[in-house]
Amino acid sequence: MRKTLLSALFLCLLLCGCDRPAFAPVSNLPVASAKTPPQPLQLGLASVTTVSKSQNATPDFPGIARTDITMAAVTVDEAGIIRQCILDGITAIIPFDATGALQAPEDLNFHSKNELGETYGMHKASPMGKEWDQQAASFASYAVGKRVDELQAGDVAASVTVDTDCFLQAISAAVQEAADLGTQEGDRLALASDAYMADSRSADSDTGKNGSAHCSAMLGAVTFRGETITACRFDSVETILPFTPEGIVSTNVSLPPLGKDKLADPYGIRRRGIEGKRWYQQANLFAAAAVGLTAQQVARLPLNENLQPQNGSTTIAVDRLQLLTEKAWQQVDAG
């Protein structure tokens with residue numbers, strides 16, 4: 001009986017034209033491919049600084065030592081295409097009067113324009129009602145997916161009214177400075193800063209000695225995978241503007257200040273550093289030590305009384321570099 005049923009079924013299949021199997025051979029089935037490893041990316045950090053808007057004091061109005069910093073952090077792929085971009089800026093103003101006396105508290109700090117948000121106040125004067133950080137974010141978004149030579153300020157004229165030359169210069173420099181430090185596709189980028197008035201003094205009319213307005217700004221670009229730091233870069237911008245006992249700025253404000261990674265050895269750090277290393281080289285050592293840690297772990301690294309790492313890895317103070325990694329994580333964690 002069983003043989004009869006099987007024969008009948010086989011005859012039925014032939015009559016119906018079903019001359020191929022109901023299931024594809026194993027050789028024709030799609031084979032799961034190995035997971036593609038994340039693409040390595042380069043991390044870049046750069047800034048453009050000017051003091052050209054500094055002004056002399058008059059009997060009626062104070063003078064100002066003004067530092068304007070535009071900074072960019074980028075990740076770049078092997079083809080030179082920008083994969084992530086963040087722009088930020090700092091305007092640091094240190095006032096002094098016509099007698100050469102500083103008019104600023106010793107603990108003066110300067111928040112970045114992204115940190116200030118709407119309180120920076122540009123939206124009140126913008127024809128589009130957009131704040132500085134919104135316009136910077138628009139330009140940064142425009143840069144993503146392009147190479148530097150493809151960036152044109154005119155392409156974003158409808159969404160940005162601020163001067164974009166500094167944006168272009170900062171992004172171009174950041175791409176040029178980009179390096180393989182461990183960042184991969186999917187890592188999240190952050191740009192942090194810490195700016196303050198440092199070692200400034202009033203002029204002395206009795207001796208004729210000039211005063212000085214000193215702005216120091218620490219910059220950091222950090223990438224994260226989850227909470228873990230995958231790459232890190234630091235830089236520092238220093239501007240020192242002298243002014244006379246009459247409140248006259250006594251330097252050429254048209255010359256652009258340079259970051260410490262571009263200066264030869266302004267403070268003799270090479271002479272007293274580790275194996276003659278400059279500031280930025282020691283900062284790079286600390287940045288490399290931060291990779292694989294969380295920002296909280298970096299913040300807990302023990303320092304000596306000079307705010308240097310207890311393990312002697314650098315001779316520069318790193319407390320503000322620790323702060324930069326914390327601020328960078330706060331940006332990423334906030335979404």
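Thr244 is in contact with Gly100, Ala203, Asn210 and Ser250, leaving aside its neighbours within four places in sequence. The residue sits in the loop that runs between β7 and α5 (269-272). Its relative accessibility in this predicted model is 15%, so Thr244 counts as buried; the cut-off for that class is under 20%.

The chain around Thr244 has 335 residues, of which buried residues make up 41%. Its secondary structure comes to 8 helices and 7 strands. Among contacts with a separation of 6 or more, 65% are between residues 24 or more positions apart.

Four of the strands can be taken together. They form an open sheet, antiparallel in its pairing, with the order β4-β5-β6-β7. The edges are held by β4 (109-110) and β7 (228-243); each has a single partner strand, so one side of each is left without a neighbour in the sheet. Helix α6 (residues 279-290) packs on this sheet and touches β6 (211-225) and β7, its direction making about 155° with that of β7.

At one edge, β4 pairs with β5 (residues 188-197) in the antiparallel sense over 2 bridges. Asn109 has Tyr196 of β5 as its bridge partner, and Phe110 stands opposite Ala195 in β5. On to the next pair: β5 and β6 run antiparallel and are joined by 10 bridges. Within this pairing, Met197 stands opposite Cys215 in β6. Strand β5 is mostly covered, with 9 of its 10 residues buried.

The loop that leaves β5 for β6 contains Asp199. This residue is not a glycine, yet its phi is positive, at about 50°. With a relative accessibility of 68%, Asp199 counts as exposed, because the exposed class begins over 50%.

Next comes the interior. In soluble globular proteins, nonpolar side chains tend to be buried together. Here the largest nonpolar core has 31 residues, and those with the most contacts inside it are Ile90, Ile94, Phe110 and Ala217. Two or more residues each come from β1 (42-50), β2 (63-76), β3 (82-96), β5, β6 and β7. The most is given by β6, with 5 residues. Phe110 thus links two parts of this account: it is among the residues with the most contacts in the core, and it stands opposite Ala195 in the sheet.

Ala217, also among those with the most contacts in the core, has a varied set of contacts. Beyond four places in sequence, Ala217 is in contact with Ile69, Ile90, Asp194, Ala195, Asp235, Ser236 and Val237. Ile90 in that list is itself one of the residues with the most contacts inside the core.

Two helices show how the helical part is placed. Helix α3 (residues 132-143) has 12 residues and reaches 17 Å from its first C-alpha to its last, close to the 16 Å expected at 1.5 Å a residue. Its buried residues are Trp132, Gln135, Ala136, Phe139, Ala140, Tyr142 and Ala143. Seen down the axis of α3, these residues fall within an arc of 160°, so they line one face of the helix. The spacing has a general background: an α-helix has 3.6 residues a turn, so residues three or four places apart point the same way. The buried residues of α3 pack against β3, α2 (113-116) and α4 (165-177). After α3 comes Gly145, with a positive phi near 90°.

The other helix is α8 (319-333). Its 15 residues should span 21 Å at 1.5 Å a residue, and its end C-alpha atoms are 21 Å apart, which agrees. The residues buried in α8 are Leu321, Gln322, Leu324, Thr325, Lys327, Ala328, Trp329 and Val332. They pack against α2, β5, β6, β7, α6 and α7. Helix α2 therefore appears in the packing of both helices, with the buried residues of α3 and with those of α8, where packing rests on heavy atoms within 4.5 Å. After α8 comes Gly335, whose phi is positive, near 95°.

Before α8, the loop from α7 (295-299) holds Leu307. Like Asp199, which is not a glycine and has a positive phi, Leu307 is not a glycine and has a positive phi, here about 65°. Leu307 has 36% relative accessibility and so counts as partly exposed.

Terms used: Residues numbered from 1 in each chain as written. Predicted model: local features only at pLDDT ≥ 70, side-chain atom pairs only at ≥ 80, totals over all residues. Heavy atoms only, no water. Pairing = 2+ DSSP bridges. Axes fitted to C-alpha atoms, helices over the stretch in contact; angles between N-to-C directions. Core = buried A, V, L, I, M, F, W, Y, C linked by side-chain atoms within 4.5 Å. Buried < 20%, exposed > 50% of the residue type's maximum accessible area, 1.4 Å probe, protein only. Expected span 1.5 Å × (residues − 1). Arc of directions from axis to C-beta.
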